[in-house]
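Let's take a walk through this one together, starting with the overall layout and finishing with a few backbone oddities. Keep the viewer open as you read.

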Amino acid sequence: MNAPANLKYTKSDEWFDPETGKAGLSDYAQGQLSDIVFVEILVDEGDEIEAGKAIASVESVKASAEIYSPAGGKVVAVNKDLADKPESINTDPYGEAWMIQLEGGSAGDVMDAAAYEKYCEERDH
Amino acid sequence: MIDAPEKTTTDVKIVEPTIFDLSSPGRTGVTMPASDVPETALPPEALLRSELPLPELAEVDVVRHYMHLSSFNYSVDSGYYPLGSCTMKYNPKINEDTCRLPGFLFTHPLQPVETVQGNLALMYQLQEWLKEISGFAGITLQPAAGAHGEFTGVLIMRAYHKSRGDDKRTKMLIPDAAHGTNPASVGMMGMSVVTIPSDERGNVDLKALEAACDDTVVGMMLTNPNTLGLFDEHIEKVIELVHGCGGLMYGDGANLNALLGIVRPGDVGFDVMHFNLHKTFAVPHGGGGPGSGPVGVAAHLVDFLPEPLVGIIEEGEDELPPLYGFVKPEKSIGRMKAFHGHFGGGHVRAFTYIAMHGPDGLKDISQYAVLNANYLQVRLRDTYKVPYDRICMHEFVAEGRFEGSDVRALDISKRLMDYNFHPPTNYFPLIVHEALMIEPTETENKDTLDAFVDVMIKIAEEAKTQPDLLHNAPSTTKFGRMDEVKAARELVLCCWLPEGYDLEA
């Protein structure tokens with residue numbers, strides 16, 4: 001699994017970039033879900049949201065999952081291309097497959113990359 | 001010239017053409033007699049459809065086509081079907097006789113009640129039996145299947161709180177091992193879901209539950225035994241906590257097959273529960289449906305049941321049977337179905353099943369279901385990791401993965417098809433990695449169970465020595481490995497439309 005050091009992570013497997021305000025689903029989570037076949041973003045530009053709010057719904061061949069916002073703030077952009085390319089969550093979870101971008105956001109209950117990697121390893125057993 | 005059929009190999013398959021492929025213009029199965037009534041003009045042309053691309057075939061072609069297709073099918077009548085949480089038990093054939101008795105078959109739900117007393121007597125008795133089996137005070141037979149029963153049950157819970165002026169309850173507590181239909185039913189109601197984790201023994205995490213219980217809680221939806229096949233060791237405490245904050249306890253009856261004649265959910269403190277007649281009571285399941293999802297409620301919720309219920313409207317005397325009819329509960333949530341539920345397909349079959357077994361037979365069902373599951377678990381646990389490894393109920397969940405191997409649960413399941421077994425449930429519950437959820441049911445004998453275990457052990461060996469056998473499985477079926485990703489992403493059911501069919505028209 002891959003967890004870039006500049007990002008923050010939640011226990012429910014979302015990532016948050018404090019620099020850009022972008023958020024999405026972690027590499028570990030996409031690996032667990034396997035091939036993702038559907039994604040729907042549940043918030044709109046301009047929405048004021050709190051950390052923990054459901055921002056997207058994702059379906060893979062194995063399961064469906066809700067994605068929760070790792071931070072609170074104003075949604076300034078949503079990735080409109082993602083619905084047509086759900087597979088990009090598998091191939092580029094931290095890049096092309098960002099889900100929303102927040103402004104003035106404050107991270108919720110998040111951990112750094114090292115802590116997140118440890119947390120994922122524990123769950124693998 | 002006619003080609004000899006290709007020998008079936010792993011990459012050349014003889015596939016049945018579609019009914020449209022078999023069609024030939026003008027071919028017909030019936031000859032209409034000459035008209036013996038006066039002809040009249042057709043409706044205006046604007047109301048007529050000029051093209052209706054129905055296939056044209058003779059009767060024998062239609063029969064052969066569907067016979068071929070049916071031979072592709074795998075069912076509980078053709079082999080072992082250990083699909084966990086679905087209780088794919090054998091459906092005794094006497095049920096097919098009783099539900100086709102002319103008195104049941106040729107009745108209509110709008111007939112005057114005096115003319116359908118037999119039907120109503122059966123429904124009344126089924127309500128009484130389900131009460132006796134579950135410990136509840138009232139039963140509705142209306143819901144069409146399990147999830148419809150959940151929706152009905154949650155409506156009843158909401159109506160109960162509202163009737164007490166308790167309007168701020170909007171949250172439903174649902175364990176992470178729950179069936180996906182539970183949060184879906186709650187979502188349809190506009191309520192929110194609070195997920196409660198499981199502890200390391202597979203029980204509801206009591207600390208998390210206690211923290212979530214407050215005066216905004218509608219109640220909790222719990223499957224017990226849960227989808228790990230485990231009976232919650234703290235069930236009384238769980239119910240006490242939910243009741244303690246004013247919530248109601250909903251039981252998902254999907255796993256009732258483990259409890260018949262042993263534990264009555266109503267006695268344990270559940271307030272509402274749906275039954276899956278198509279699981280526990282041997283009504284055909286899946287494509288063989290329709291299902292049937294009656295709901296039972298405790299005494300304080302009886303007034304909220306859907307209307308109408310079957311009741312006695314005039315007591316009998318001496319030799320005279322009572323007069324059955326329909327009654328409306330005082331604060332009913334209304335109708336859940338246009339008529340009275342799935343009568344012939346559901347109620348008559350379940351009635352027959354209960355009548356044929358009797359109280360002792362029902363208890364035997366659960367005891368053998370639990371025994372069979374534990375037998376499989378014990379024989380498989382050294383080969384497949386069982387993460388919540390304790391005495392199970394009617395099913396258990398193993399991991400379909402091996403240290404240092406890229407074989408996944410899906411590969412194991414597909415390989416089972418090569419050995420003519422239906423795969424267990426895959427990837428559910430979500431809290432187990434590469435889950436294989438195995439439910440043998442009570443109907444399987446030791447020879448079948450042993451044959452299944454032997455194959456599972458053989459597949460584990462193949463995973464080590466010839467993993468590609470698993471990755472490429474199945475190879476002995478009509479169709480090989482399906483491309484699930486393509487099927488989910490490219491939603492095109494057919495690559496062409498029948499000739500003469502204009503999509504724009």
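What follows goes from chain A, to the contact between the chains, to the helix packing in chain B, and then to some local backbone geometry.

One thing to keep in mind from the start: this is a predicted model. Chain A is a good place to begin. It has three helices and nine strands, and if you read along the sequence they come in the order β-β-β-α-β-β-β-β-β-α-β-α. The radius of gyration of chain A is 13 Å, close to the 14 Å that the globule rule gives for 125 residues, so chain A is as compact as a globular protein of that length. If you'd rather think in terms of a box, the C-alpha trace of chain A spans about 40 × 30 × 20 Å along its principal axes.

Now for where chain A touches chain B. Five residues from chain A and six residues from chain B take part in the contact. On the side of chain A, those residues split into three nonpolar and two charged, with no polar ones.

Chain B comes in two parts: domain 1 covers 94-356, and domain 2 covers 400-489. Their C-alpha centres sit 33 Å apart. With those bounds in mind, we can look at how some of the helices pack.

Start with α5(B), residues 146-163, and α6(B), residues 181-188. Their axes come within 9 Å and cross at roughly 45°, which makes α5(B) oblique to α6(B). The crossing of these two helices is right-handed. From α5(B), the residues involved are B:Gly146, B:Ala147, B:Glu150, B:Phe151 and B:Val154, and they meet B:Thr181, B:Asn182, B:Ala184, B:Ser185, B:Val186 and B:Met188 of α6(B). Sorted by class, this contact has six nonpolar, four polar and one charged residues.

Next, jump along to α10(B), residues 343-380, and follow it to α12(B). The two axes come within 10 Å and cross at roughly 30°. An angle under 35 degrees counts as roughly parallel, and α10(B) and α12(B) are therefore roughly parallel to each other. Here, too, the crossing is right-handed. What does each helix bring to the contact? α10(B) supplies B:Asn372, B:Tyr375, B:Leu376, B:Arg379 and B:Leu380, while α12(B) supplies B:Leu449, B:Val453 and B:Met456. That gives six nonpolar residues, one polar and one charged in the contact of α10(B) with α12(B).

α12(B), residues 446-465, also packs against α11(B), residues 409-418. This time the angle is about 125°, with the axes 10 Å apart, and that makes α11(B) oblique to α12(B). The handedness of the α11(B) and α12(B) crossing is right-handed. Look for B:Ile412, B:Arg415 and B:Leu416 in α11(B), which meet B:Val455, B:Ile459 and B:Glu462 in α12(B). The residues in the contact of α11(B) with α12(B) are four nonpolar and two charged, with no polar ones.

Finally, the backbone. Most residues other than glycine have a negative phi, and most peptide bonds are trans. That background is handy for the next few spots. In chain B, a cis peptide bond joins B:Phe428 and B:Pro429, with omega at about 0°. You'll find B:Pro429 in the loop between β11 (425-426) and β12 (435-438) of chain B. Another cis peptide bond joins B:Ala473 and B:Pro474, again with omega at about 0°. B:Pro474 lies in the loop between α13 (467-471) and α14 (484-489) of chain B.

Back in chain A, which sign does phi take at A:Ser34, positive or negative? Its phi is near 65°, a positive value in a residue other than glycine. To find A:Ser34, look in the loop between α1 (27-33) and β4 (36-41) of chain A.

Note on methods. Residues are numbered from 1 along each chain as its sequence is written. Chains are lettered from A and ligands numbered from 1 in the order in which they are written. This is a predicted model: local features need pLDDT of at least 70, side-chain atom pairs count only at pLDDT 80 or more; totals for chains, interfaces and linings use all residues. Axes are lines fitted to C-alpha atoms, for helices over the stretch in contact, and angles run from 0 to 180 degrees between N-to-C directions. Helices (H or I, at least four residues) and strands (E, at least two) are DSSP runs, numbered from the N terminus. Angles under 35 degrees count as roughly parallel, over 145 as roughly antiparallel, 65 to 115 as roughly perpendicular and the rest as oblique. A crossing is left-handed if the near helix is turned anticlockwise from the far one by less than a right angle, and right-handed if clockwise. Two residues are in contact if their C-beta atoms, placed from the backbone, lie within 7 Å. Ala, Val, Leu, Ile, Met, Phe, Trp, Tyr, Cys and Pro count as nonpolar, Asp, Glu, Lys and Arg as charged, and the others, Gly among them, as polar. Domain bounds come from an automatic or database domain assignment. The radius of gyration is taken over C-alpha atoms; the globule rule is 2.2 Å times the number of residues to the power 0.38.
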